[in-house]
Amino acid sequence: MKDDSFAGQRILVVGGAGFVGSNLVLELLKYKPEEIIIVDNLLSSESRNIIKDKRVRFILGSITDDKILASVSNNVDYVFHLACFHGNQSSISDPLADHQNNTLTSLKLFDTLSKSRSLKKVVYAAAACAVAEKTYEKAIATTEDQPISLYHDSPYSISKIIGELYGNYYYKKYDLPLVKARFSNVYGPREILGAGQWRGTIHTIYRNVIPSFIWKSLNQENLPLENSGQTSRDFIYVEDMARGLCSCALKGDSGEVYNLATGVETTILDIASKINTLTGNKSSLDLKPMRDWDRSGKRFASTEKSEKELDFCARIDIDEGLSKTIEWTKKNSKMIAQCIAKHEYFSAQSEIS
């Protein structure tokens, strides 16, 4: 039986201070829940992203903390597990930290939740990049039943697959009502460059391509294009992602996996050109070779299953989404600059070494 509302429900959002998590909390509040509990250690997020509402309760710390886990796992109706060690390149820099903040969070959370009998649904943030075909030829839409390789480009990708495997185990053995939501490339407001703590690499500051390009473009800088910009991705606006996560919880079947995507393939060159046009950046594009660790050149996701079973499809196209994100970045430029600046010393040391 599928529920159709979060009204009056108690909801746990692990990683709720993050970019996607904070947008999800805003979406959940529209349903009039009784309480939303956010657990976040602010490793890759900022406290200013925590939604201020009397129905929202914030707990600072990791979900791997036994005391925190015990205090929030009882009497919750829905759980969204979004916590992670953000980014492929941060995970390459520190695989053990990735394990601590990706793999272990999933295992401890699922193990504890498997003992609950009040849960209606647990939604796990999986990653489409972990299952997509590695190709620089013509991309074919990644489906939910895509074969999974045993060879991966990053610990982040590995840990996301392990999270699915643990989820499947606890679903089969303990009937954990788990739904796996495979993310495509999310972008939009509230993604703060430099958010959180230094994690050993410049990508602590410059994370996903769209916010990095927008910031550089607004500052009239050259945009660096690995693989000459021919790499492609499926970019989904964060408000659409938040709606998709809610659809997974309310309409998704336990044990199933759903792509949350647009189904549209867009090259990084197109993204750079659109951003430069929207910001009026006249600087030239900086064409670079492909990244030595990344074999996933071109990809986008199939939306057929999500449209059919979740009645979900993205509403905001890339042009509208970029415009909205640029305006948000302009309005929050001082705050973003402060977040970037707090890592300058560590960044300089990394470049020297």
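## Parallel strands around E6

In this structure, strand E6 is joined by four bridges to strand E11, which covers residues 257-260, and the two strands run parallel. One pairing between them can be named: Lys 180 of E6 has Val 257 as its bridge partner in E11. The model is a predicted one, and the description below should be read with that in mind.

Strand E6 also pairs with strand E5 (residues 121-127), again in a parallel arrangement, and here six bridges connect the two. Between E5 and E6, the chain passes through helix H5, residues 155-174, and the β-α-β crossover made in this way is right-handed. Within the E5 and E6 pairing, the residue standing opposite Ala 127 is Phe 183 of E6.

Strand E6 itself, made up of residues 178-183, is mostly covered, since six of its six residues count as buried. Its side chains point two ways: Leu 178, Lys 180 and Arg 182 lie to one side, while Val 179, Ala 181 and Phe 183 lie to the other, and all of them are buried. The buried residues of E6 thus include the lysine that has its bridge partner in E11 and the phenylalanine that stands opposite Ala 127.

## Strand E4 and its partners

Strand E4 (residues 78-81) is covered on both faces, with Tyr 78 and Phe 80 buried on one side, and Val 79 and His 81 buried on the other. Strand E4 is joined to E5 by four bridges, and these two strands run parallel; in this pairing, Tyr 78 has Lys 121 of E5 as its bridge partner.

Strand E4 is also joined to strand E1, residues 10-14, by four bridges, with the two strands running parallel. Here the bridge partner of Val 13 in E4 is Phe 80, a residue that is buried on the side of E4 to which Tyr 78 also belongs.

## Helix H11 and the cysteines

Helix H11 spans residues 333-341, and among its residues Met 335, Ile 336, Cys 339 and Ile 340 are buried. When the helix is viewed down its axis, the buried residues fall within an arc of 140°, so they line one face of H11. Cys 339 has a relative accessible area of 2%, which places this residue among the buried ones because the limit for that class is under 20%.

A disulfide is a covalent bond between the sulfur atoms of two cysteines. The structure holds zero disulfides. For Cys 84, which takes part in none, the nearest cysteine sulfur belongs to Cys 129 and lies 10 Å away. Cys 339 is likewise in no disulfide, and the nearest cysteine sulfur to it is that of Cys 84, at 17 Å.

## Cavities inside the model

The structure contains three cavities of 30 Å³ or more, and the largest of them has a volume of about 50 Å³. The residues that line the largest cavity are Gly 188, Glu 191, Leu 193, Pro 211, Trp 215, Thr 325, Trp 328, Thr 329 and Ile 336.

Two elements, helix H6 (209-218) and helix H10 (318-331), give two or more residues each to this lining, and the largest share, three residues, comes from H10. Ile 336, which is also found in the lining, is one of the buried residues of helix H11.

## Residues with positive phi, and Asn 185

Lys 32 has a positive phi of about 60°, although this residue is not a glycine. Lys 32 sits in the loop between helix H1 (19-29) and strand E2 (35-40), and its relative accessibility of 62% makes it count as exposed. Gln 220 is another residue other than glycine with a positive phi, near 60°, and is found in the loop between H6 and strand E8 (223-225). With a relative accessible area of 40%, Gln 220 is partly exposed.

Asn 185 belongs to strand E7, which covers residues 185-187, and counts as partly exposed at 24% relative accessibility. Asn 185 and Thr 262 are separated by 77 residues in sequence, whereas their C-alpha atoms are 9.8 Å apart in space.

Notes: Residues are numbered from 1 along each chain as its sequence is written. This is a predicted model: local features need pLDDT of at least 70, side-chain atom pairs count only at pLDDT 80 or more; totals for chains, interfaces and linings use all residues. Side-chain values use heavy atoms; hydrogens and water are left out. Buried means under 20% relative accessible area, exposed over 50%, partly exposed in between (1.4 Å probe, protein chains only). Two strands pair if DSSP finds at least two bridges between them. A crossover is right-handed if, with the strands pointing away from the viewer, the path from the first strand over the helix to the second runs clockwise. The arc is that of the directions from the helix axis to the C-beta atoms. A disulfide is a pair of cysteine sulfur atoms within 2.5 Å. On a 1 Å grid over the protein atoms alone, a cavity is a set of points where a 1.4 Å probe fits but cannot get out, and a pocket is an open set with protein on both sides within 12 Å along at least five of seven lines; lining residues have an atom within 4 Å of a point. Grid points are joined across faces, edges and corners, and a volume is the space filled by probe spheres set on the points.
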